[in-house]
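Me: I would like to learn how to read helix packing, sheets and confidence in a model of this kind. Could we go through the features one at a time, with the general idea before the case?

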Amino acid sequence: SDVFPGSHTCTCGRRLFHITFRTQLDIVTNSLKLSLQATFRWKIRRVFQIRTLFHHLRLQLQPFKHLALMAESEPVFNPTLVGEKRGCLQDRDEETPTKKPKVESDHENGNAPNPDDGGKEGLEGEASDEEDGESFADMMKHGLTEIDVGILKYVSDHEGFSGILKERYSDFVVNEINKQGRIVHLDDLSIPTDSEEGAETEEQPSDCEVLTEEQKKQLSELQLFKNKEGNVSIEIIDDTKEKRTLVHKAIKTQFPGLETKTEEKEGHKFIVAYHVAGKKALAAPRKHFWPKNRGSYCHFALYKENKDTMDAINVLSKFLRLRPNMFSYMGTKDKRAITVQEIAVLKITAERLAHLNKCLMNLKLGNFCYKNHPLKLGELQGNHFTVVIRNISGTDEQVQQAMTSLKQTGFINYYGMQRFGTTAVPTQQVGRAILRNDWNQVVDLILKPRPGAEKVYLVHCREEWAKSQDPEAALKKLPNKRCVEGQLLRGLSMYGKKNIVTAFGQIPRNNRLMYVHSYQSVVWNTMVSRRIEAFGLKAVEGDLVLRGPRAHVLSAEEAESHSIHDIVMPLPGYDVIYPSHHIGDGYRELLSADGLDLNNMRHKVKDYSLAGAYRRIIIRPTDVSWEVINYDNPRISLVHSDFEKLENKPAPVFNKEGKYRALRMEFSLPPSTYATMAIREVLKLDTSIKKQTQLNTVWFN
């Protein structure tokens, strides 16, 4: 009744209400359609607002069982800026090879894409039309614990204590360690000089000379969505094609995200600047002069807050009108964190990149330089972590013992919980079915109804599949088809249920491989726990060590000259060897119980043939330091970030008499190791979401 004056919500008038409601909705709908046509050239934010309002008005005509709920609350919408998150790419690069990898490696310290996250890819950030039926805590009742994935042992004997990890995203800071071994920081926003480019600009007017100060001000306001007109028109005096070209180039160079076109009004030429959007944003960039003595790739430090690496790449590509594959990087980083990493982009000037700092949210670019090569996945030497664990219960003595053990001995190099998904159907079960060539079970595990809370549309999709086994009918239940379930259903509708292998191939390759890698990881975790249980923290006869790319079995005499930090264990595959003691036999027994043959790890589908790899069982962090902090305000940041330093903001000041205590630790880890496993060793707590939710439900809600 607030939206449509004159309509009523009483029970006796439902029929009349429905007629009145439909009539007035038609009027509003037609009006909004006209508004959309009239505002076609408006700035993107206004268009998004109108579309969102149109969406909510359509929701008003849901069946009557929803009307009471809608009458109690007004529609709320959040317009999305061009620079904000637009969803992940479907394909995420992963460096983990399947052809004869000798030393196991991932594309980051434990942050691989998780294919069983209920379709995070492409869906995250979109509003659901319905409410989840259960709380996050209810959903986690059916999640995994560390015991379920073979994480059982600790290396130290200190007494554990409790604490809260990632209460704020700023409590987890990751700085990449590049291939030269240098920790990447954002500490310089200046533009590198270029002698040849300077010579070029002497021959023609510079960008600064082309645009007046007033025009720059107007364009800046347009770029930041402060211009109510939605565009800026610049009249060309003494019109020539060369002058128009200079103006076009100046606007696009100095104000990324803006597009230009030439219009003629009353016999005068105008260049009109407006925000770029849609398919135009992905168009190939126009070629500009590039000095011969300058490297083809601009390398820069990307600072991001609470944003996934691929989300950040997507935002940059939209503003620069590039395809995302023009960017290269050495690994992906956590979303819920502050991270700094090196990125390279082909033939985009540092000046254009630096201009993005004016309009990007939660992203900053700096430390620009030109090089002749891109970056490759896995080239990094590791990551440096700054972690704050809030509200700790341990005494100073307990903290000292725990951190000293971490520094001197290290932690068991388990695969962390994020490797195995958060739903009631673990990814390793799907991986096991793939390796067994049981494709009907693969489909069943991904699509069948499962306990625990999910998005309502996923629940409806699973229910439809269980009832009808009709992929097209189940697919209609999904508002977004880019989740794993949607991609599989699309494949089944295209190729039929008798060609599941091809249908399954509709899921991006990296996500498909994560299923089988997840199974490998569970096997490795389980066998390492058995190895620690049987032989403790010393090298023994029959253990494996690396000699070059190959593994070597230790004799009793050789074992005396090696430590536990030298020992590796294999991920199962066709191109690895196994320990010669009884733990090696355990691999065969474990896989046999799962219906797999250790001697036949080649698969009919080449992608799923596992060569295997080797992984150190104990990792000792480097650059370890720590301090216990007292503080009063739980909402303040306890870490001085690179961006805050650039802004000359003061470092956080702590009250020694504060009522809360936090442990702030720093350490560096090599690639393919999980910081959560190092923290687990310190706290002696189960790091699974299920367990953490039971300990502190408020934290996750």
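**Reading helix contacts, sheets and confidence**

Reply: Let us begin with a pair of helices in this predicted model: helix H19 passes helix H21 in a right-handed crossing.

Me: How is such a pair described beyond its handedness, and at what angle do H19 and H21 cross?

Reply: Two packed helices are described by the angle between their axes and the distance between the axes. Here the axes of H19 (residues 509-535) and H21 (residues 582-593) come within 10 Å and cross at roughly 145°. On the H19 side the contact includes Tyr 519, Val 523, Trp 524, Met 527 and Phe 535, while H21 contributes, among others, His 582, Ile 583, Gly 586, Tyr 587 and Leu 590. Sorted by class, the residues of this contact of H19 with H21 are ten nonpolar, three polar and two charged.

Me: Which residues of H13 and H19 meet, and how are these two helices oriented to each other?

Reply: For helix H13 (residues 427-435) and H19, the axes come within 7 Å and cross at roughly 100°, and the two helices are therefore roughly perpendicular to each other. From H13, the residues Thr 427, Gln 428, Val 430, Gly 431, Arg 432, Ile 434 and Leu 435 meet Arg 512, Tyr 515, Val 516, Ser 518, Tyr 519 and Val 522 of H19. The contact of H13 with H19 has seven nonpolar, four polar and two charged residues. Tyr 519 of H19 is thus worth finding in the viewer, as it is listed in the contact with H13 and also in the contact with H21.

Me: What angle do H15 and H17 make, and how far apart are their axes?

Reply: Helix H15 (residues 456-468) and helix H17 (residues 484-495) pack at an angle of about 30°, and their axes are 12 Å apart; they are therefore roughly parallel to each other. Their crossing is left-handed. The contact is made by Leu 458, Cys 461, Arg 462 and Trp 465 on H15, together with Glu 485, Leu 489 and Leu 492 on H17. By class, this contact of H15 with H17 has five nonpolar residues, two charged ones and no polar ones.

Me: Turning to sheets, in what order do the strands E3, E4 and E5 lie, and is their pairing parallel or antiparallel?

Reply: Strands of a sheet pair through backbone hydrogen bonds, either parallel or antiparallel. In this case three strands form an open sheet in the order E3-E5-E4, with antiparallel pairing. Strand E3 (231-235) and strand E4 (258-265) are the edge strands, each pairing on one side only, and neighbouring strands are turned by 25° against each other on average, direction ignored. Five bridges join E3 to strand E5 (residues 268-275), and Ser 233 has Val 272 of E5 as its bridge partner.

Me: Which helices pack on or lie across this sheet?

Reply: Helix H8 (residues 213-223) packs on the sheet and touches E3, E4 and E5, its direction making about 160° with that of E3. Helix H9 (residues 241-254) lies across E3, E4 and E5 as well, running at about 150° to E4.

Me: In what order do the strands of the sheet with E12 to E15 lie, and where does H19 run relative to E14?

Reply: Four strands form an open sheet in the order E13-E12-E14-E15, again with antiparallel pairing. Its edge strands are E13 (550-553) and E15 (613-616), and its neighbouring strands are turned by 55° against each other on average, direction ignored. Strand E12 (residues 544-547) is joined to E13 by four bridges, with Ala 551 of E13 as the bridge partner of Leu 546. H19 lies across strand E14 (567-571) and E15, at about 145° to E14.

Me: Where does pLDDT stay under 50, and what is the mean pLDDT of the protein?

Reply: Where pLDDT is low, the predicted coordinates should not be read in detail. The mean pLDDT of the protein is 78, and 73% of its residues reach 70 or more. Over residues 195-205 it stays under 50, and the model has twelve contacts beyond four places in sequence for this stretch. Residues 697-701 are also below 50, with twelve contacts in the model beyond near neighbours in sequence.

Note on methods:
Residues are numbered from 1 along each chain as its sequence is written. This is a predicted model: local features need pLDDT of at least 70, side-chain atom pairs count only at pLDDT 80 or more; totals for chains, interfaces and linings use all residues. Side-chain values use heavy atoms; hydrogens and water are left out. Axes are lines fitted to C-alpha atoms, for helices over the stretch in contact, and angles run from 0 to 180 degrees between N-to-C directions. Angles under 35 degrees count as roughly parallel, over 145 as roughly antiparallel, 65 to 115 as roughly perpendicular and the rest as oblique. A crossing is left-handed if the near helix is turned anticlockwise from the far one by less than a right angle, and right-handed if clockwise. Contact means heavy atoms within 4.5 Å. Ala, Val, Leu, Ile, Met, Phe, Trp, Tyr, Cys and Pro count as nonpolar, Asp, Glu, Lys and Arg as charged, and the others, Gly among them, as polar. pLDDT is the predictor's confidence in each residue, from 0 to 100. Two strands pair if DSSP finds at least two bridges between them.
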